[in-house]
Amino acid sequence: MIIVKIGGNILDNPERLQSFLADFAALPGPKLLVHGGGKIASAFGQRLGISPKMVEGRRITDAETLELVTMVYGGLVNKQVVAKLQALGCNAIGLTGADANIIPAQKRPVQSIDYGFVGDVAGPESINVDALGAILEAGLTPVFAPLTHDRQGNMLNTNADTIASVLATALAPKYNVQLVYCFEKKGVLQNAEDDDSVIGHITTEKYKTLKAEGVVNAGMIPKLDNAFAALSQGVQAVQIGDAAAIAQMAAGGGQAGTLITL
Ligand SMILES: Nc1ncnc2c1ncn2[C@@H]1O[C@H](COP(=O)(O)OP(=O)(O)O)[C@@H](O)[C@H]1O
Ligand SMILES: CC(=O)N[C@@H](CCC(=O)OP(=O)(O)O)C(=O)O
């Protein structure tokens with residue numbers, strides 16, 4: 001099966017989103033979509049007078065921000081994506097990690113930084129694979145918002161890249177899982193300014209060098225960490241690339257995007 005994560009810069013662009021969803025809807029076999037939406041939450045927050053505060057790519061989520069992200073990710077973005085997929089003939093079902101208790105999490109402990117209502121998933125063993133498997137076996141396509149819950153009545157905000165990695169890992173014993181991170185660039189780039197400088201293949205060793213050289217930074221570091229975490233726990237293949245190349249990447253086209261291996 002294929003698990004695809006779609007990032008905030010595509011969700012925020014109606015033409016690119018529509019084109020991506022049409023390609024996603026056409027993918028054969030069981031599939032699952034995880035969406036972000038950080039950019040949309042920040043923009044909505046500004047309209048409500050809530051300024052975004054990010055530390056190392058994670059949003060500091062106070063009580064007000066938790067309300068914001070629950071509305072934006074679990075409501076607006078998730079339901080718009082589901083409605084568009086339905087129009088494209090894909091029988092999507094929109095979910096958060098609280099639904100069917102699929103992704104329970106723990107509020108991140110306060111250390112040097114208090115992230116507020118940010119959820120960490122203990123590991124793939126905490127995922128309710130039976131409920132998720134039943135949804136997939138019913139022929140439905142789950143669409144996950146980047147939200148989890150603490151089993152005590154609170155929603156938690158969890159990075160979408162992490163949700164995709166942990167779901168892929170949890171499903172790996174049952175399915176042959178391909179994980180694809182889609183965003184607005186052609187892949188992991190050697191030179192951030194040059195969209196044609198795609199690095200075709202990154203191994204654990206190469207990643208160390210790229211990090212040391214500062215070639216990968218910001219949002220790309222947690223994305224690659226999540227990719228390697230999935231591979232080391234049984235996920236068959238991980239790719240990072242352009243949302244416009246999802247069909248090629250899904251088909252295993254070596255020419256599109258960046259292939260990640262251990
Ligand atoms: N070497 C690199 N190649 C491509 N993007 C990079 C690289 N290093 C850092 N980035 C940044 O990582 C971002 C993708 O991560 P993120 O902002 O979390 O996006 P998304 O919402 O798609 O997950 C890119 O938009 C880019 O700014
Ligand atoms: C805890 C945390 O940082 N959560 C993320 C969830 C959204 C996300 O991951 O969106 P993108 O994939 O579009 O960046 C946030 O609120 O920004």
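# Close-up views of a predicted model

**View 1. Asn-157 and its surroundings.** Asn-157 is buried, with 27 other C-beta atoms within 10 Å. "Buried" here means that 20 or more other C-beta atoms lie within 10 Å of a residue's own; 12 or fewer makes it exposed, anything in between partly exposed, and the C-beta atoms are placed from the backbone. You're looking at a predicted model, where local features need pLDDT of at least 70 and side-chain atom pairs count only at pLDDT 80 or more, while totals for chains, interfaces and linings use all residues. Residues are numbered from 1 along each chain as its sequence is written, and chains are lettered from A and ligands numbered from 1 in the order in which they are written. Asn-157 sits in strand β10 (residues 155-157); helices (H or I, at least four residues) and strands (E, at least two) are DSSP runs, numbered from the N terminus. Skip its neighbours within four places in sequence, and Asn-157 still has plenty of contacts to look for, among them Arg-59, Thr-61, Phe-117 and Pro-146. A contact means two C-beta atoms, placed from the backbone, within 7 Å.

**View 2. The annotated binding site.** An unreviewed UniProt entry gives the annotation "binding site" to Gly-37, Gly-38, Arg-59 and Asn-157. These four are spread over 121 residues of sequence, yet they cluster in space, with a largest C-alpha distance of 11.7 Å. UniProt positions are given in the numbering used here, feature names are shortened, and annotations may be inferred rather than shown by experiment. Gly-38 belongs to helix α3 and is buried, with 25 other C-beta atoms within 10 Å. Beyond its neighbours within four places in sequence, Gly-38 is in contact with Gly-8 and Arg-59.

**View 3. The shell around ligand 2.** Count 16 residues around ligand 2, the closest being Gly-8, Gly-36, Gly-38, Arg-59 and Ala-160. To make the shell, a residue's C-beta atom, placed from the backbone, has to lie within 6 Å of the ligand. Helix α3 (38-47) and strand β4 (58-59) each supply at least two residues, and the largest share, three residues, comes from α3. By class, this shell has five nonpolar, eight polar and three charged residues. Ala, Val, Leu, Ile, Met, Phe, Trp, Tyr, Cys and Pro count as nonpolar, Asp, Glu, Lys and Arg as charged, and the others, Gly among them, as polar.

**View 4. The shell around ligand 1.** Over at ligand 1, 19 residues make up the surroundings, and the closest are Gly-7, Phe-183, Leu-189, Gly-219 and Met-220. Two elements give two or more residues to this shell: α1 (8-11) and α8. The shell around ligand 1 splits into eight nonpolar, eight polar and three charged residues.

**View 5. The open sheet.** Follow eight strands in the order β5-β8-β2-β1-β11-β13-β14-β12, with mixed pairing. The edges are β5 (92-95) and β12 (201-202), each of which pairs on one side only. Strands pair if DSSP finds at least two bridges between them. Four bridges join β5 to β8 (residues 141-144), and these two run parallel; Leu-95 has Phe-144 as its bridge partner in β8.

**View 6. Strand β1, closed in.** All five residues of β1 (residues 2-6) are buried, so this strand is largely enclosed by the rest of the structure. In a regular strand, side chains alternate between the two faces of the sheet. Here Ile-2, Val-4 and Ile-6 point one way, Ile-3 and Lys-5 the other. Five bridges link β1 to β2 (residues 31-35) in parallel, with Ile-2 opposite Lys-31. Another parallel pairing, again over five bridges, joins β1 to β11, where Lys-5 partners Tyr-181.

**View 7. Ala-145 in a loop.** Ala-145 is found in the loop between β8 and β9 (147-149), and it is buried, with 31 other C-beta atoms within 10 Å. Gly-75 is 70 residues away along the chain, but the C-alpha atoms of Ala-145 and Gly-75 are separated by 8.8 Å. Leaving aside neighbours within four places in sequence, contacts of Ala-145 include His-35, Tyr-73 and Thr-96.

**View 8. Helix α7, out in the open.** None of the 10 residues of α7 (residues 204-213) is buried, so this helix lies largely in the open. Right after α7 comes Gly-214, with a positive phi near 75 degrees.
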